[in-house]
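Dear colleague,

I am passing on the structure we spoke about, with some notes on what turned up when I went through it. Please have the model open beside this message as you read.

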Amino acid sequence: MTNIGSYDERVKNFSWSIAEKELDYKDGDILNIGWYCSDRICNMGKAGKTAMIWEGLGGKEKQYTFNDVRLHSNTIGHFLRSLGINNSDRVCLFMDKLPELYLGVLGILKIGAVAQPLFSAFGDESLFVRLENAGTKAIITQKKHAGKVQKILDRLPNLEHIIIVDYDGKKPLREKEIAFSLEDSKPVEKLDIYPTKAESHSLLHYTSGTTGQPKGVKHVHYSLISQYLTTKWVLDLQEDDIYWCTADPGWVTGTSYGIFGPWSLGVTICVLDTGFSADSWYQFMEKNKVSMWYSAPTAIRSLMKAGDEAVKKYDLSALRHLASVGEPLNAEAVIWSGKVFGKPFLDTYWQTETGSMMLTNFPGMKIKPGSMGKAFPGITAVILDPETFEPITSPNKPGLIAFQPGWPAMMRTYWNNDETYQTKFKNGWYLAGDRSTIDQDGYFWFIGRDDDVINTGGHLISPFEVESALLEHEAVAESAVVAKPDEVNMEVVKAFVTLNPGFQASDVLELKIMNFIRKKLSPLAMPQEIEYLDKLPKTRSGKIMRRLLHAQEWGEEIGDTSTLEDD
Ligand code: WT7
């Protein structure tokens with residue numbers, strides 16, 4: 001029996017109060033995600049149950065019970081308070097998938113502060129714009145990433161503390177650095193948990209748009225209501241499951257479904273903090289008897305490339321349910337997974353902004369490979385006409401994906417940028433920024449994004465951010481960045497540049513520029529190819545026509561070029 005039971009019945013009788021009741025929450029009560037994911041589970045008699053199985057480089061392993069999670073998050077919360085961190089202060093987590101990341105998120109939330117997780121592969125410039133925008137007061141990091149923080153420290157007047165979780169005393173601590181060792185700290189048995197309410201700010205996740213700097217998506221503690229119920233009904237977590245969410249908590253999947261969903265249900269998670277390889281993933285799943293696996297299309301396509309034989313070497317018989325998110329999951333990947341794992345990956349669609357799943361396939365439903373499935377119960381999802389913003393009622397006609405606002409996990413605004421937030425609504429609908437069709441059975445079929453944002457392996461990259469960073473390279477005069485097709489990642493970053501006088505186009509220069517972006521922004525944002533042009537295509541008003549370059553990369557019709565400079 002699945003948790004969701006009958007989808008149609010759930011839709012008919014739906015109310016978010018189902019989740020509120022199961023979580024013993026009533027309107028106006030204190031609601032703190034940190035408490036819900038640890039103390040409450042202990043109070044329910046599961047203090048000794050394994051909460052996290054962690055594996056790092058070289059096969060190093062650690063295990064934590066729910067009581068350990070409760071104590072360690074208390075200890076981190078207490079330590080932050082002792083540094084003068086108060087409720088509503090932003091605390092960034094900038095580290096690999098260490099246990100301290102998972103426990104730290106809860107510790108920050110327990111004192112009512114705002115957790116700002118950032119992907120540890122970010123370079124100093126990516127880090128800087130996000131810390132500056134958030135006015136971050138403290139950053140929790142590790143030795144190997146602290147240098148990037150030092151580099152930008154003098155431009156961050158609000159940053160008071162750099163907390164190093166793996167300090168070994170080999171080098172003296174630098175400005176604003178302070179060492180904190182979870183293992184050496186005395187566990188804090190009782191912490192005064194800050195009485196956050198439903199609308200108290202919980203998380204800031206940064207996401208990239210087409211223009212401007214990345215936006216801080218503001219989430220609140222009430223998001224747990226959505227995260228709990230979608231985890232229960234779509235991921236179908238059961239008491240004895242061993243659940244593996246492969247996403248990094250630097251991104252929203254890694255918090256909503258890597259931490260909050262499973263832990264609010266008292267389910268064991270596992271974490272693998274090493275790079276990707278098919279063998280290491282299968283081995284990890286075999287060893288830990290992973291039964292529920294939530295991953296992403298790029299990883300699935302990479303596994304597909306590694307071949308069926310690689311799967312057969314391992315005993316993955318514990319696996320009973322698989323789901324995917326982040327980018328289009330092609331029909332071939334769904335069919336392949338059904339063949340080799342005995343069950344297909346179920347696609348789910350949502351965004352940093354939505355905080356929880358919106359369109360989903362769920363256990364028991366008829367799967368149409370290549371479709372994102374149907375709206376989660378309680379979610380009103382439509383396709384809007386791009387001209388009138390009225391819902392399209394006839395099937396299979398492309399339009400804009402839109403949702404009726406008001407589900408618990410929806411973002412509350414963009415941090416310090418309510419203006420942009422307001423532009424996401426038309427006729428009372430929230431516009432997701434994607435295009436899709438709906439078929440006669442109510443299944444959504446993804447078409448593409450409605451903007452220039454590049455989705456590489458499930459990570460959104462702003463062409464604007466890469467173009468700006470390229471201009472900081474001494475050789476680059478002008479730049480234009482678009483997606484180019486890629487077999488595994490679907491899209492990768494490609495840059496077109498014109499060079500400053502005195503610079504010669506060459507392969508060496510291409511590598512230098514690529515490396516420059518990798519360090520400044522991240523390996524994800526690094527162009528996989530740089531093409532030198534004498535001149536970039538521009539409109540008469542001087543705007544670079546990315547559309548043209550994009551069409552060229554994808555072999556598409558170029559369309560209307562009547563505003564082109566040279567016409
Ligand atoms: C964008 C959101 C929250 C998950 C991690 C990504 C694309 C997401 C799917 C899917 C096709 C998808 C959309 C969306 N996307 N899921 N199942 N099929 N595209 O969160 O970084 O905010 O990205 O990812 O374009 O708008 P994100």
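To begin with a pair of helices, helix 12 and helix 14 cross in a left-handed sense; please keep in mind throughout that this is a predicted model. Helix 12 covers residues 297-306 and helix 14 residues 331-341, and the two pack at an angle of about 60°, with their axes 10 Å apart, which makes helix 12 oblique to helix 14. On the helix 12 side the contact involves I300, L303 and M304, which meet E332, A333 and W336 of helix 14. Sorted by character, the residues of this contact comprise five nonpolar, no polar and one charged.

The other region I looked at is helix 5 and what follows. Helix 5 runs over residues 66-82, and because a rise of 1.5 Å a residue should give its 17 residues a span of 24 Å, the 24 Å between its end C-alpha atoms agrees with that expectation. The helix is mostly covered, with 12 of its 17 residues buried, and among them are F66, R70, H72, I76 and L80.

L83 lies in the loop between helix 5 and strand 3 (90-94). With a relative accessible area of 17%, L83 counts as buried, because the cut-off for buried is under 20%. Leaving aside residues up to four places away in sequence, L83 touches H161, I163 and I178; of these, I178 is 95 residues away along the chain, with a C-alpha separation from L83 of 9.9 Å. Also following helix 5 is G84, whose phi is positive, near 95°.

Best regards

Key:
Residues numbered from 1 in each chain as written. Predicted model: local features only at pLDDT ≥ 70, side-chain atom pairs only at ≥ 80, totals over all residues. Heavy atoms only, no water. Helix = DSSP H or I, 4+ residues; strand = E, 2+ residues; numbered from the N terminus. Expected span 1.5 Å × (residues − 1). Buried < 20%, exposed > 50% of the residue type's maximum accessible area, 1.4 Å probe, protein only. Axes fitted to C-alpha atoms, helices over the stretch in contact; angles between N-to-C directions. Parallel < 35°, antiparallel > 145°, perpendicular 65-115°, else oblique. Left-handed = near helix turned anticlockwise from the far one by under 90°. Contact = heavy atoms within 4.5 Å. Nonpolar A, V, L, I, M, F, W, Y, C, P; charged D, E, K, R; others polar.
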